[in-house]
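Work through the exercises below with the sequence and the structure at hand, and try each task before reading its solution.

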Amino acid sequence: MTLHLPQNSPTVYSVKRVPDYKNNSLKAWNTSDEFMLWYVTHHKLSSLPHLIINDAFGYLSSHFMSDNSTVVYHLKSQLEAIEFNLKLHLKTFTPQQFITPLDPTKSKVQLALIKIPKSLELFELFLQQIHQNSDSNITVVCGFMTKYFTPQLLKIASNYFNDVKQTKAWKKSRLLVLSVPKQVKYQSIIQDIRSEYGTIKQYKGVFSSGHIDYATQFLIKNLAIPQQADTILDLASGNGILAKVIYQKHPKANIHLVDDSILAIKSSELNLSGQSFYFHHTHHLDEFNTNTFDYIISNPPFHLEHEIDLSLPKRLFTNAQRVLKPNGIFELVANRHLKYYPILKRLFSRVDVKAQNAKFIVYSCRL
Ligand SMILES: C[S@@+](CC[C@H](N)C(=O)[O-])C[C@H]1O[C@@H](n2cnc3c(N)ncnc32)[C@H](O)[C@@H]1O
């Protein structure tokens, strides 16, 4: 099949970037999404049973959502953004049409659209899910911005499909079009990280593959959990490493873990068991009352895919301030280049630098 390029940009719905939907300067899609939309429309593929995978804020879903669609999300914020934009465009859908990368599809799919994630492991997890749930005549259309191309994309794709084609660039984006599934022996989607804190398990695509993050290690070395702390929050908990270390020091505490990624939450459930732990798949702290926690610990996120996005930690710090008890302590680690101090100082009356080295700073904050 010849891979043509679009002549014009397709007509598009205006999709909002949630939760910053009032800020019109932030775009909720890019030309790789437009390229995928054009490809599917041009080849008249949208009536096939299909998967829409890793849609950022709902651009692809808003165009294609029908009874034939299943949407694969991994972030709670992503799910909420897609639902918001579907409602905005008066699209009907059912909760059963949303699944995670760990779920099977209801029936075999013939088309899959993937917005390629920054994490190549996550890309592979998506391909494995498609491969397990596809017809032999499946077409997989993957969109990405050319500047993020790596030969690894082709290598991973060719682990699962015999036919791997790449388009020329269009408006700085490209597509990979995959077909003819290979006979595959599936690899485990869970990996082990051996560390001085024990073996940590995590699903592919979870933060810090293969080792405990260096910022996290620095934070652990400098932990000073108040003796009387009995309600603790691991904010942006990933595989649960911080909660695990805290439990080793404070086995009587109730420890809540919050993460936006379902793969992170499911990973932490593999590492922590028992009545001390409470798992929350969410990207905010609305479910907690004010003054709930004695101690909050975090290695907070500051990336949204390839972009640095400081609105993310800012929102988490504001939430942490609300749920911290009056005598509580919020401790976090940051890369030195991130200017968190003024942000924290606006929210907390006391912000101390507890430890620092050439790369990282640990802050300790009190109301
Ligand atoms: C820097 S990692 C830290 C993970 C883990 N605590 C560790 O130290 O290895 C940040 C985590 O924040 C999560 N995350 C991103 N945005 C979030 C949000 N709005 N709310 C909660 N978690 C979020 C990511 O999924 C990721 O697991």
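## Exercise 1: A pair of charged side chains

At 25% relative accessibility, D163 counts as partly exposed; this is a residue of a predicted model. Task: find which residue's side chain meets that of D163 in a salt bridge, and decide how buried or exposed that residue is.

Solution. Begin with the class of D163: buried means under 20% relative accessible area and exposed over 50%, so at 25% D163 falls in between, as partly exposed. Next, look for the partner, which is K165, whose side chain meets that of D163 in a salt bridge at 3.1 Å, N to O. Finally, K165 has a relative accessible area of 27%, and therefore K165 is partly exposed.

## Exercise 2: Salt bridges across the sequence

Task: determine which parts of the chain are tied together by the salt bridge of E307 and R17, and by that of D33 and K115.

Solution. A search of the whole structure finds nine salt bridges. Among them is the one in which the side chains of E307 and R17 meet at 3.2 Å, N to O. Because E307 lies in strand β15 (residues 307–308) and R17 in the segment before α1 (31–42), this pair ties together parts that are 290 residues apart in sequence. The accessibility of each partner can then be read off: E307, at 40%, counts as partly exposed, whereas R17, with a relative accessible area of 8%, is buried.

Turn now to the second pair, in which the side chains of D33 and K115 meet in a salt bridge of 2.9 Å, N to O. Since D33 belongs to helix α1 and K115 to strand β4 (residues 109–115), the parts that this pair ties together are 82 residues apart in sequence. D33 is buried, with a relative accessible area of 1%, and K115, at 13%, counts as buried too.

To complete the exercise, note that salt bridges can also form a network, as they do in linking D192, R194 and K201.

## Exercise 3: The surroundings of helix α8

Task: explain why helix α8 (residues 262–271) is described as largely enclosed by the rest of the structure.

Solution. Start by listing the buried residues of α8, which are I262, L263, A264, I265, S267, S268 and N271. Seven of the 10 residues of the helix are therefore buried, and this is why α8 is called largely enclosed. The next step is to ask what these buried residues pack against, and the elements are α4 (120–132), β9 (198–203), α7 (241–249), β11 (254–259) and β12 (277–281). Lastly, inspect the N-terminal end of α8, which is capped by S261, with a side-chain oxygen 3.2 Å from the backbone nitrogen of L263.

## Exercise 4: The ligand and its shell

Task: describe which residues surround the ligand, and where polar atoms of T216, D259 and A236 lie relative to the ligand.

Solution. First, 15 residues surround the ligand, and the closest are T216, A236, D259, D260 and N299. By class, this shell has six nonpolar, seven polar and two charged residues. Then take the polar atoms in turn: T216 places a polar side-chain atom 2.6 Å from an oxygen atom of the ligand, D259 has a polar side-chain atom 2.7 Å from a ligand oxygen atom, and a polar backbone atom of A236 is 3.0 Å from a nitrogen atom of the ligand. As a last step, consider the surface of the ligand, which taken alone exposes 600 Å², 90% of which the protein buries.

Key
Residues are numbered from 1 along each chain as its sequence is written. This is a predicted model: local features need pLDDT of at least 70, side-chain atom pairs count only at pLDDT 80 or more; totals for chains, interfaces and linings use all residues. Side-chain values use heavy atoms; hydrogens and water are left out. A residue is near a molecule or strand if one of its heavy atoms lies within 4 Å of it. A polar contact is a pair of N or O atoms within 3.5 Å; within protein, one must be able to donate a hydrogen and the other to accept it, and residues adjacent in sequence count only if both atoms are side-chain atoms. Accessible areas come from the Shrake-Rupley method with a 1.4 Å probe; for residues, only the protein chains shown count as cover. Ala, Val, Leu, Ile, Met, Phe, Trp, Tyr, Cys and Pro count as nonpolar, Asp, Glu, Lys and Arg as charged, and the others, Gly among them, as polar. Buried means under 20% relative accessible area, exposed over 50%, partly exposed in between (1.4 Å probe, protein chains only). Helices (H or I, at least four residues) and strands (E, at least two) are DSSP runs, numbered from the N terminus. Contact means heavy atoms within 4.5 Å. A salt bridge is a side-chain nitrogen of Lys or Arg within 4 Å of a carboxyl oxygen of Asp or Glu.
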